[in-house]
Amino acid sequence: MKRLLVYLKDYKKESILGPLFKLLEASFELIVPLVVASMIDVGIGGNDRSYIVKMCLIMAALGVTGLVSSVTAQYFAAKAAVGFATKLRHGLFAHIQSLSFSGMDEQGTSTLITRMTSDINQLQSGVNMVLRLFLRSPFIVFGAMIMAFTVDVKAAITFVVVIPLLSVVVFGIILISIPMFEKVQRGLDQVLGLTRENLTGVRVIRAFGKEENEVEKFDRQTDALKKMQVLAAKVSALMNPVTYIIINFGLIVLIQRGAVRVQMGVLTQGQVIALVNYMSQILIELVKLANLIVTVTKAAACGSRVADVLALPAGMQDTGRKVTEGEGKGRVVFENVSMRYHEGGEEALTGISFQAKEGETVGIIGGTGSGKTSLVHLIPRFYDAEAGRVQVDGVDVKDYDLTALRDKIGIVMQKAVLFQGTIGENLRWGNQDATDEELWQALKTAQAEEFVLQKEGGLEAPVEQEGRNLSGGQKQRLSIARALVKKPEILILDDSASALDYATDAKLRKALRELPGKTTVFIVSQRASSLMHADKIIVLDDGCIAQIGTHKELLEGCEIYQEIYYSQFERSEKEKREQA
Amino acid sequence: MKGKKEQQKDTLIKVLKYIKPYGVLMALTIVMALISVALTLYLPILTGQAVDMLAFPDKLFLEGGIWNILRKMAVVILLTAVAQWIMSLCTNQIVYNVIQDIRKKAFGKLQILPLKYMDAHSHGDIVSRVVADVDQFADGLLIGFTQLFTGVITIIGTLGFMLSVNVGITLVVVVITPVSLLVASFIARKTFRMFQLQSETRGEQTALVNEMIGNQKVVHAFNREDETLEKFDEINGRLEKCSLRAIFFSSLTNPCTRFVNSLVYTGVGLTGAFGVLGGGLSVGQLTCFLSYANQYTKPFNEISGVITELQNALACAARIFELIEEQPQAPDGERILTLSEVQGKVDLEHVAFSYVPDKKLIEDLNLHVKPGQRIAIVGPTGCGKTTMINLLMRFYDVDEGSIQVENTDIRHITRKSLRTAYGMVLQDTWLKRGTIRDNITVGKPDATQEEIVAAAKKSYAHSFIRRLPQGYDTVIGEDGGSLSQGQKQLLCITRVMLSLPPMLILDEATSSIDTRTEIRIQKAFAAMMEGRTSFIVAHRLSTIQNADVILVMKDGHIIEQGNHQELLAQKGFYAELYNSQFVLA
C-alpha cells in the first residue's frame with residue numbers, strides 16, 4: 001500500500017480538506033435532531049410560534065451550510081482521487097517500460113494492461129469513496145451515539161449495545177462473503193476463458209466434431225458458477241434483514257427505556273424523539289458503510305495487484321559505468337556466453353563464443369528452440385547473459401549506457417509490428433530527424449518503395465494500431481526499413497523475411513549487401529538460401545554452437561547444415577543442372 | 001428501422017420470455033416486496049403512537065399502554081425482515097438462473113453459428129456479450145426492476161399513509177420532493193456528455209497501452225521509451241481533466257438531493273409544528289411525518305438512478321439477443337448420410353464462392369481427386385488458399401456448384417462425419433487449457449497411453465513432452481501458454497497423428513518448425529499420407545514437389561493446375577515462383 005500512497009502525496013491538501021468538509025457537513029446533520037427536539041419541547045410545549053419559525057430557519061441554514069461544505073468536500077475528494085489515479089497511471093506506465101524483458105515475460109502483457117486500466121479505475125473510485133465516506137460514516141455513527149449520551153446517559157446505553165452488535169454482524173457478513181465473491185470471480189474467469197477458447201479454436205473443435213463436448217463442459221462450468229453465486233448471494237442476503245432487526249429492536253428498547261425515563265420525569269417527549277432520530281441516522285450510515293467496505297475491499301485487491309507490478313525490480317542491473325562509445329563500429333564478440341530465461345530453468349544458450357568483425361554478415365541457422373533468437377537478443381541487451389561476456393566494440397554490453405548501446409543496433413523482430421500513426425512516423429522511430437529522402441532510400445532497400453508509392457498519401461498514409469491495415473509482408477518490409485533509417489552499425493534480421501516470397505527475399509538480400517558503409521549484419525533464418533552468402537554461418541543446435549564456417553566449409557563438414565541444405569536444395573540443384 | 005422505443009419494447013418482451021419459467025418466484029418476489037414496503041411504512045406510525053403515549057407519563061406502563069405498541073412493533077419488524085429476506089432469496093434465484101439460461105443458450109448458439117459469423121466479428125466482442133453483457137443485463141434489469149417496483153410502491157404507500165394522517169403536510173411533501181428528482185435528472189443529463197468523453201479518452205488510452213506494452217521490445221530497441229511516455233502523458237492529462245469534471249459534477253447529485261431533502265424536512269417540521277399547535281395533529285404524528293419525509297425522497301433518488309441502469313441493461317440484453325437470434329448454419333436436414341468407409345475420392349465441380357457478394361473469390365473451380373492423391377495448394381499470401389480448406393471442411397458453403405466426397409454432395413452428409421473424415425493441422429495452432437494428454441486426445445478420447453506415446457514419437461513431440469515437468473500430464477494454459485510456437489505445432493500434428501483419419505488437410509502446418517524437424521515430420525507425414533488423400537498448403541517447394549496435383553492460386557483463382565514437371569514446362573507463374581527461390585544474386 002505504501003508504494004501506492006506515494007502517489008497521493010501531491011494531493012495532501014485535498015485529501016485532508018475533503019474529509020474535513022465532509023465532517024463539517026456531518027456535524028450539521030447531527031445537530032438537526034436536537035433542533036427538532038427543542039422545537040417540540042420548547043416551541044410546541046410552550047406554544048411559542050416564533051420559536052418554531054426560528055428553529056425551522058436554523059434547520060434551513062444548517063441545510064445550506066451542509067450543502068456548501070459537502071460540495072466543497074466532493075470537489076476536493078474528486079480532485080485528489082483523479083489526480084492520484086493520473087499520477088499512478090503515469091508511474092505504472094513508466095515502471096512497466098523500465099521492466100526487464102524477463103520480468104515482463106513472466107507477468108504477461110495482458111495482465112499488465114488490465115492493471116494499467118481497469119484496476120486503476122477501480123482504485124480511483126475507491127480513493128474517492130474513502131475520502132468522502134470513510135471518516136463521515138463512523139463519525140456519524142459514533143457522533144450520533146455521543147449526542148444521544150448528551151441527551152440522556154441511561155437511555156443512551158442502548159446505543160452502546162446496538163452499535164457493536166451491528167458492527168459485528170455487518171463486518172462478519174462482509175468478511176464471510178468476500179472470499180466467496182472472489183471464488184465467483186474466478187468461476188467467471190473460467191467461463192470467460194472457455195468462451196474465448198471456443199472462439200479461437202472453432203475450426204479445430206468443429207473439425208473434430210467436438211461441439212457437444214464443449215457445450216457439456218460449458219454447462220458444467222456455468223452450473224458450478226451459479227451454485228457459487230447463489231451461495232454467496234444467500235450470505236449477503238442476510239445483511240439487510242439482520243441489520244433491520246437489530247436496529248429496530250434497538251429502537252423498541254430505546255422507546256421503552258425512554259418511556260421509563262419520561263415517567264421518572266427525567267426526559268421529555270422531544271428528547272425521546274431526538275434519540276429515535278439518532279438511531280435511524282445510524283441505520284442509514286451503516287448501510288452506506290457496508291457498501292463502502294465492499295468498494296474498498298475491491299479497490300484494495302486492485303491496489304495490491306497494481307502494487308505487485310510496482311514492486312517488480314525495475315530494469316537491468318547496471319554496472320554504473322555508462323560507456324557510450326567503444327572502439328570501432330559494429331564489432332561483436334561472444335565469450336563463452338550462457339543464458340537462461342527462468343532461474344532454475346533449462347539453459348537456452350550454452351557456451352557460445354564467436355566474433356563478428358566490422359561489416360561482416362553473420363548467418364545464424366538452427367532448429368526450433370535451438371536459441372537463435374535468444375542469441376541475437378543478447379546483443380541489444382534485451383536479456384542478460386548468465387555467464388560469459390557479450391562485447392560490442394570491445395566493451396561489455398553491461399557497461400554500456402543502454403540507450404547508447406541500442407542506438408548502435410537496428411533490430412527487426414520475428415513478429416513485425418508497426419504503431420498507429422503514418423508510415424513516415426513509423427519509419428522515423430529509427431531516426432527522428434531523417435529526411436524524406438532518407439526514408440525513401442530505406443524503403444527502396446527494404447523492397448517497400450513500390451507499395452508505399454501506391455498507397456494514397458505515400459509516407460503520410462495512415463497506419464492503424466499494430467499495423468492492422470497492412471499485410472504481413474508489408475509490415476515486415478516496413479519494419480526492415482524502420483531499422484535501416486537508423487543507419488545502424490549492427491543490423492539484426494531475426495527471421496524477418498518469412499512472409500516474403502522468394503523473389504522479394506532475394507532482392508532484399510541483394511540490396512542489403514549493397515548498403516553503403518560498413519554494417520555488421522546478423523541474419524537469422526531457416527532458409528539456407530538466405531544465409532549461404534554470409535561471411536560466416538553459425539549453426540546452432542539445442543543452445544550450443546554445432547559449428548561455425550562459411551557455406552562451403554559447412555557443406556563439407558557439418559552434418560546438421562548438410563541436412564538442412566539438401567532438404568531445401570537437393571532436387572532443385574539437380575533440376576537446374578538438367579535444365580542447363 | 002424501428003424506433004428506439006419500439007426496439008426497447010421488443011427486447012423487453014423477449015426478456016419476459018426468459019423470466020417466464022420463474023413466474024412463481026417472480027410473483028412471490030412481488031408479494032414479498034408489497035409486504036415489506038407496507039410494513040416498513042407501518043412502523044413509523046407505531047413509533048408515532050408510542051411517542052404520543054409519552055405525553056402521558058402516568059399511564060405509560062398500564063394495561064394497554066406502551067407495551068402493546070412495542071409488542072406490535074416487534075412483530076412488524078420481524079415480519080419485515082423475513083419478507084425482505086425471502087424477497088432477496090427469490091431475486092437471487094431468478095437472476096442467477098436467468099443468467100445461466102441465457103449463457104447456455106448463447107454458448108450453444110456459438111457451436112452452430114456459421115464460421116462466417118466468428119470470422120466477421122471480433123472475438124472480444126462476442127466474449128463480452130456472453131460474459132459481461134449477460135451479467136450486467138441480469139443484474140441491472142432484475143435488481144433494477146425490484147428497486148423500481150419497491151420504489152414506486154413506497155412512494156404510493158407513503159402518500160397514502162400520509163394522506164390518511166394529514167392532508168396539509170402531505171401537500172408540502174408532494175410539492176417539494178419532485179424538486180430533488182428534477183435536480184438529479186438535470187445533473188445526470190448534464191454529466192452524460194462528460195462521462196462519454198471520459199470513456200472515449202479511456203478507450204484511447206487503453207489502445208495506446210495495448211499497443212506499446214504489447215510491443216515493448218520494439219519500443220526498447222528503438223529507444224522510444226521517453227517519446228512513448230510523453231504520448232501516454234498527453235492522453236493521461238486529458239483523461240485527468242475530463243474525469244475530474246465528470247466525477248465532480250456527477251457527485252453533486254447526492255449533496256443536492258440531500259439539500260432538497262432537508263428542505264422537505266424543514267417544511268414538514270414547520271407546518272407540522274403549527275398543525276400540532278392548531279390541534280389537528282399529535283406530536284407522534286409529527287415524528288411519523290418526519291420519518292416519512294426522510295423515506296419518501298429516497299425512492300425518488302433511487303428511481304432516477306435505476307432508470308438509466310434499466311436502459312443500460314436493456315441495451316445489453318439487446319446485444320445478447322442479437323447473438324442468440326443470429327441465423328445458424330443450415331441444419332443437417334433429413335435425407336442425410338453419415339460418411340463411412342471413406343476412400344478419399346473428392347470432386348469439385350463448377351465451384352464458385354465469395355465472402356462478400358460483390359467480390360468474386362473462386363469461380364468455376366473444377367478438381368477431381370482420386371483416393372490417395374496428394375494435392376498441393378500454392379500461391380502468394382491472401383490468394384485464397386485457406387478458403388479452399390474452409391470449403392472442403394464445409395466451414396463455409398459453396399455459392400454455386402458442388403463438392404463431393406465419395407460421389408456424395410457434402411451438403412448431404414452430416415457435418416460431423418464429414419469433418420472427422422479429415423485430419424487437419426492449421427497455420428494457427430490452437431490448444432485448450434488442460435493437460436498435454438487432453439490436447440492430444442481431442443480426436444480420440446479413449447486412446448491408451450501407448451497409442452499416445454506412439455503418436456507423439458512419430459511426430460517428434462515425444463522428446464520435448466518428456467522433458468516437461470509432468471510429462472504428458474503437464475497442464476498448459478490458454479492457447480498453449482509457455483510452449484513455443486514450434487512445440488505447439490508439433491502437438492497439433494500429434495493430435496492428427498493419433499486419430500489418423502482417412503483424409504488430411506495441412507495448412508502450412510510446419511511453418512514454425514525448423515527445417516530439420518520438418519524433414520522428420522515430413523517423413524512421418526509421408527507415411528501417414530500413404531493411401532490417404534491429402535490437401536497441403538505450403539510455402540516450401542520441397543513439400544510441394546512430391547504432390548500429384550499442384551494448384552497454383554492467385555487472387556482467388558486457380559491459374560495453373562498440374563504436377564511439378566508439367567507446371568515447370570508451362571513456364572508460367574509457378575515456374576517463375578519456383579525459380580525465384582534460386583536467384584542467387
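Me: Which residue of S4(B) stands opposite Val346(B)?
Reply: This is a predicted model, in which local features need pLDDT of at least 70, side-chain atom pairs count only at pLDDT 80 or more, and totals for chains, interfaces and linings use all residues. Residues are numbered from 1 along each chain as its sequence is written, while chains are lettered from A and ligands numbered from 1 in the order in which they are written. Strands (E, at least two residues) and helices (H or I, at least four residues) are DSSP runs numbered from the N terminus, and S1(B) is joined to S4(B) by 5 bridges in the antiparallel sense. In S4(B), the residue opposite Val346(B) is Val405(B).

Me: Which residue of S2(B) stands opposite Val346(B)?
Reply: Strand S1 of chain B, residues 346–353, is also joined to S2(B) by 5 bridges, and the two run antiparallel. Within S2(B), Val351(B) has Leu365(B) opposite. Val346(B) has opposite it Val369(B).

Me: Which strands are the edge strands of the open sheet S2-S1-S4-S5 (chain B)?
Reply: Two strands pair if DSSP finds at least two bridges between them. On that basis 4 strands of chain B form an open sheet with antiparallel pairing, in the order S2-S1-S4-S5. The strands that pair on one side only are S2 (362–369) and S5 (408–409) of chain B.

Me: Is Arg394(B) buried or exposed?
Reply: Arg394(B) sits in the loop between helix H11 (385–392) and strand S4 (400–405) of chain B, and its phi is positive, near 60°. A residue is buried if 20 or more other C-beta atoms, placed from the backbone, lie within 10 Å of its own, exposed if 12 or fewer, and partly exposed in between. Because Arg394(B) has 21 other C-beta atoms within 10 Å, the residue is buried.

Me: Is Asn336(A) buried or exposed?
Reply: Asn336(A) is part of strand S1 (residues 332–339) of chain A. Its phi is positive, near 50°; most residues other than glycine have a negative phi. Because the count of C-beta neighbours inside 10 Å is 12, Asn336(A) is exposed.

Me: What is the phi of Asp542(A) in the hairpin of S11(A) and S12(A)?
Reply: Strands S11 (residues 536–541) and S12 (residues 544–549) of chain A are joined by 5 bridges and run antiparallel. Leu540(A) has Ile545(A) as its bridge partner in S12(A). The hairpin has 2 residues between the strands, and Asp542(A) takes a positive phi near 55°.

Me: Which strands stand at the edges of the sheet S6-S9-S10-S3-S11-S12 (chain A)?
Reply: This open sheet of chain A has 6 strands and mixed pairing. Inside the sheet, S9 (residues 490–494) and S10 (residues 520–524) pair in the parallel sense over 5 bridges, with Leu491(A) opposite Val521(A). Two strands have a single partner strand each, so one side of each is left without a neighbour in the sheet: S6 (409–412) and S12 of chain A.

Me: At what angle does helix H17 of chain A run to S6(A)?
Reply: Axes are lines fitted to C-alpha atoms, for helices over the stretch in contact, and angles run from 0 to 180 degrees between N-to-C directions. Two residues are in contact if their C-beta atoms, placed from the backbone, lie within 7 Å. Helix H17 (residues 472–485) lies across S6 and S9 of chain A, and its angle to S6(A) is about 180°.

Me: Which helix gives the most to the largest nonpolar core?
Reply: A nonpolar core is a set of buried Ala, Val, Leu, Ile, Met, Phe, Trp, Tyr and Cys residues joined through C-beta atoms within 7 Å. The largest has 114 residues, and those with the most contacts inside it include Ile492(A) and Phe522(A). With 14 residues, the helix that gives the most to this core is H3 (residues 49–98) of chain A.

Me: How many residues of the side of chain A that touches chain B come from H3(A)?
Reply: In the interface, 123 residues of chain A are in contact with 119 residues of chain B. The largest share of the chain A side comes from H3(A), and that share is 23 residues.
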